[in-house]
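The following exercises are to be solved with the sequence and the coordinates at hand. Each task is followed by a worked solution.

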Amino acid sequence: MISTIQEVIKRITPADEQSFLKAEHRLNILTKPPGSLGQLETLAVKLAGISGTEQPSFTKRTVVVMAADHGVCCEGVSAFPQEVTMQMAYNFLSGGAAVNVLARQAGAEVKFVDIGVNGDLSHDDLIDRKVRRGTDNMAVGPAMSREEAMSAVLVGIRVAQEAIENGTEIFITGEMGIGNTTASAAILCALKGIAPEVAAGRGTGIDDERLLHKIAVVERALKVNQPNPADPLDVLSKVGGLEIAGLTGLILGAAAARIPIILDGFISGAAALVAKALAPESIAYMIGSHVSGEQGHKLMLEKLGLEPLFNLGLRLGEGTGGVLSLHLIEAICRILSEMATFESAGISGAGKQ
Ligand SMILES: Cc1cc2ncn([C@H]3O[C@H](COP(=O)(O)O)[C@@H](O)[C@H]3O)c2cc1C
Ligand SMILES: O=C(O)c1cccnc1
């Protein structure tokens, strides 16, 4: 099974330098002072390099919401009970979650994958790829086995491959899993040597007392499991989550096919840290969307080397911030393809006065 993950990793190569340069040149001949569209220009160049064309466009957009439960919930680390993951699953499947609304507005399809919900789900649109019913409590032992973590990564890779076969041109990472900000904080600590009090935040809105407890739980999980920072699959299995592993696979699958993947918030960022550790080149295919209100996300983006596009204080997850950034992506793609050049509009360039 490892050979399959490794095969995908081997296919991940740098983005296309020629298309970077062409898009950069095009931005400079459009009727505006050079660089005046700021960060959107950096985004345009990145998208051009990923897709290998100076005028990229992304019609078929897919948000993949990976859902799973977390054994660590029994420690009282979330403001909500574990059953909410299962209850929210039906909300996603019937189109009523925040990400469904935002995806409809942005012309994106939501795919909902059960990769580890602690209960039986049944719905026509459900993508049932359950690896196991939730993880074990990472505060007392490993969240899951290495084999289970690898199976979950492979689920993500296959979901990416299937969606790409069906025409997906850009992905957005989404997730649902009560307790998953605890697992994400633990991954940030384990991979990057960050202190739990810096990495852990309020998630669904826990109070000061519960936050101190959550920090202690992350500390305990790291002490009990001793995840090896040089072995991303060890970190993922010991202190991660099934949906996080699935998103790691989704990122690797997208990068191997040279398809851009927009990251949402803190949980998506944890999956991205694992993907980058497994395949450093994969970062070239990831787009940072927003900086979440979750403590630790800004630092996480710095560790990834990604510049967020906006900060609206979102702290929801599901893929919501990622989907919102589709509007900016559409905007800059239109600039590249529709805006006049100095030459076509007969406008004097800089230095002609
Ligand atoms: C109703 C509801 C909808 C959500 N949608 C996303 N999350 C977000 O909150 C959870 C993580 O926070 P914590 O680690 O504190 O449990 C994840 O499910 C995440 O997707 C939700 C949470 C709730 C309660
Ligand atoms: O940043 C996120 O994605 C996030 C923050 C809080 C709760 N759920 C998700």
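**Exercise 1. Overall fold**

What percentage of the 353 residues of the chain count as buried? Determine also whether the radius of gyration agrees or disagrees with that of a compact globule.

Solution. The model is a predicted one.
- Step 1: of the 353 residues, 54% count as buried.
- Step 2: a compact globule with 353 residues would have a radius of gyration near 20 Å, and the chain has 20 Å, so the two agree.
- Step 3: along the principal axes, the C-alpha atoms fill a box of roughly 70 × 40 × 40 Å.
- Step 4: the chain contains 15 helices and six strands. Among its contacts between residues at least 6 apart in sequence, 78% join residues at least 24 apart.

**Exercise 2. The shell around ligand 1**

Establish how many residues surround ligand 1, and which element supplies the largest share of them.

Solution.
- Step 1: ligand 1 is surrounded by 18 residues, the closest being S78, T181, G203, T204 and G317.
- Step 2: at least two residues of the shell come from each of α4 (83-93), β4 (170-176) and α7 (180-192).
- Step 3: the largest share belongs to α7, with three residues.
- Step 4: sorted by class, the shell has seven nonpolar, nine polar and two charged residues.

**Exercise 3. A helix pair**

Describe the packing of α7 against helix α10 (residues 232-239).

Solution.
- Step 1: the axes of α7 and α10 are 9 Å apart and form an angle of about 150°.
- Step 2: the crossing of α7 and α10 is right-handed.
- Step 3: α7 contributes A183, A186, I187, A190 and L191 to the contact, while α10 contributes P232, V235 and V239.
- Step 4: these residues of the α7 and α10 contact comprise eight nonpolar, no polar and no charged.

**Exercise 4. Positive phi values**

Locate Q226 and E318, and decide for each whether the residue is buried or exposed.

Solution.
- Step 1: most residues other than glycine have a negative phi.
- Step 2: Q226 has a positive phi, near 45°, and is not a glycine. Q226 lies in the loop between α9 (208-225) and α10.
- Step 3: the cut-off for an exposed residue is 12 or fewer other C-beta atoms within 10 Å. Q226 has 9 and is therefore exposed.
- Step 4: E318, likewise not a glycine, has a positive phi of about 70°. E318 is found in the loop between α13 (297-304) and α14 (320-338).
- Step 5: a buried residue requires 20 or more such atoms. E318 has 29 other C-beta atoms within 10 Å and is therefore buried.

Notes. Residues numbered from 1 in each chain as written. Chains lettered and ligands numbered in written order. Predicted model: local features only at pLDDT ≥ 70, side-chain atom pairs only at ≥ 80, totals over all residues. Near = placed C-beta within 6 Å. Helix = DSSP H or I, 4+ residues; strand = E, 2+ residues; numbered from the N terminus. Nonpolar A, V, L, I, M, F, W, Y, C, P; charged D, E, K, R; others polar. Rg over C-alpha atoms; globule rule 2.2 N^0.38 Å. Contact = placed C-beta atoms within 7 Å. Axes fitted to C-alpha atoms, helices over the stretch in contact; angles between N-to-C directions. Left-handed = near helix turned anticlockwise from the far one by under 90°.
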